Amino acid sequence: MHISKIETFPLFHRLSKRYGDANGMKSYRTCFLIRIITDSGIEGWGECVDWLPTLQKGFQERIIPYLMGKPVVDRAKMVQHIKKWHARSAAAVSMALTEIMAKKMGVSICDMWGGKFREKVPVYASFQSYSEDGSWQRKSLSDIEKAIRSGFDRIKVKVGGKTITEDQEHMVSVQAMLEGKIGLAIDANQSYDLAATLRWQSLLDHWPNLLWLEEPLKTDHITDYALLRSRLNAPLAGGENVETAAKFLPFLTEHALDFITPDPMHTSGLEGYREALSLSRLFGIRVTPHTYDGALSRLYALFAQACLEPWSKMEADAIEPVEWDAMENPFAELIPLSPSFGNITLPSGIGIGLELDVDRLAFYQWDGASYG
């Protein structure tokens with residue numbers, strides 16, 4: 001079974017209203033899908049995210065010519081080769097070839113990976129807390145309220161883009177709404193130093209529903225993370241942009257984090273992503289995947305989480321949640337999968353177990369114009 005055709009789908013959507021986090025305001029969302037088709041007619045889809053012109057040029061001029069005609073069984077070798085050029089492109093190729101192999105074997109992705117420990121995986125609603133509304137705090141609270149009404153029992157909100165005083169006022173309002181009944185994660189997007197983070201201590205110490213504080217510091221400040229973990233009662237999380245399992249080792253050996261947050265689209269291939277999950281278990285560290293950018297990568301994170309051995313013997317805490325983007329993002333709708341009471345019931349059919357909404361792709365096809 002050899003690769004006979006590869007199609008690319010650069011997608012672009014301009015947001016109806018800008019939203020953002022500590023890294024700035026977003027005015028659009030992008031997605032880059034690929035479809036690999038074999039000479040036997042089996043196809044698989046992959047997904048990555050980056051600057052669309054770079055991805056399109058890289059696939060058309062380098063990656064597609066390299067892949068054409070190669071046997072799918074050599075997928076590990078191909079992914080290893082492509083990641084030297086562009087790790088995120090390698091992740092997309094890895095997804096597509098993994099789906100093809102599962103279909104060839106007549107099994108689901110989870111079955112090909114050794115089987116599931118669970119049929120359902122919890123998810124949390126992830127927000128970009130800042131907006132250009134007259135009162136960004138009021139808009140944030142409204143978005144959170146809608147998610148809770150729809151059944152989410154865990155949420156994540158952003159800090160770090162405003163003053164600490166403003167962000168703390170916002171978080172106090174959020175907690176008043178949650179009444180301690182909804183799990184809360186806080187993501188600072190590497191906005192603080194150690195001293196600034198410790199200004200949150202008096203609040204965090206009294207929030208029993210706090211799930212974790214995510215990336216308050218720059219991720220390469222491992223010593224500071226270890227020190228912060230020794231001084232702060234709040235669990236610490238981070239690592240969404242770490243590309244390999246090996247690069248998580250310093251965080252694990254230095255006991256710098258309580259959760260690692262790998263992203264299947266940011267690691268260079270699904271096998272490397274799953275290695276990071278397994279590594280966390282070897283060190284007794286929890287793992288809550290980052291999956292903000294795409295619906296297909298989120299689906300693979302759910303598959304991997306379903307196949308991951310339990311973290312705890314307590315059923316309610318047996319597996320950690322996966323991020324679920326709760327903001328305006330039409331590309332999340334390309335995969336027909338929706339949470340029910342904060343959980344996803346996994347599809348069990350062959351391959352990924354469902355079909356992408358291909359008819360919607362043409363509507364969001366990027367025309368090659370500037371993002372401006």
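The exchange below takes up burial, salt bridges and contacts in this predicted model.

User: What kind of model is this, and which residues and atoms count?

Analyst: This is a predicted model, in which local features need pLDDT of at least 70 and side-chain atom pairs count only at pLDDT 80 or more, while totals for chains, interfaces and linings use all residues. Residues are numbered from 1 along each chain as its sequence is written, and side-chain values use heavy atoms, with hydrogens and water left out.

User: Why is Asp 21 called buried?

Analyst: Buried means under 20% relative accessible area, exposed means over 50%, and partly exposed lies in between, with a 1.4 Å probe and protein chains only. Asp 21 has a relative accessible area of 8% and therefore counts as buried.

User: What makes the pair Asp 21 and Lys 158 a salt bridge?

Analyst: The term requires a side-chain nitrogen of Lys or Arg within 4 Å of a carboxyl oxygen of Asp or Glu; the side chains of Asp 21 and Lys 158 meet at 3.9 Å, N to O, so the pair qualifies. The pair links distant parts of the chain, with Asp 21 in strand β1 (residues 3-21) and Lys 158 in strand β6 (residues 154-158), 137 residues apart. Lys 158, at 5% relative accessibility, is also buried.

User: How do you know that Glu 145 and Arg 149 pair, and what is the exposure class of Arg 149?

Analyst: Their side chains meet in a salt bridge at 3.6 Å, N to O, and both residues lie in helix α5 (residues 136-149), 4 residues apart, about one turn of the helix. Arg 149 has 59% relative accessibility and so counts as exposed, whereas Glu 145, at 38%, counts as partly exposed.

User: Why does Asp 167 have no salt bridge with Lys 162?

Analyst: Lys 162 is the nearest side chain of opposite charge, but because it is 7.6 Å away, the 4 Å requirement is not met. Asp 167, which is buried, lies in helix α6 (residues 164-178), and its side chain reaches the backbone nitrogen of Gly 160 at 2.7 Å. Leaving out residues up to four places away in sequence, Asp 167 touches residues including Tyr 130, Trp 136 and Tyr 192, where contact means heavy atoms within 4.5 Å.

User: What makes Pro 310 partly exposed, and where is Pro 310 placed?

Analyst: Pro 310 has 37% relative accessibility, so it counts as partly exposed. Its place is in the loop between α12 (295-306) and β12 (322-325), and its C-alpha is 7.7 Å from that of Phe 117, although the two are 193 residues apart in sequence.

Notes: Helices (H or I, at least four residues) and strands (E, at least two) are DSSP runs, numbered from the N terminus. Lys and Arg count as positive and Asp and Glu as negative; His and the chain ends are not counted. A polar contact is a pair of N or O atoms within 3.5 Å; within protein, one must be able to donate a hydrogen and the other to accept it, and residues adjacent in sequence count only if both atoms are side-chain atoms.
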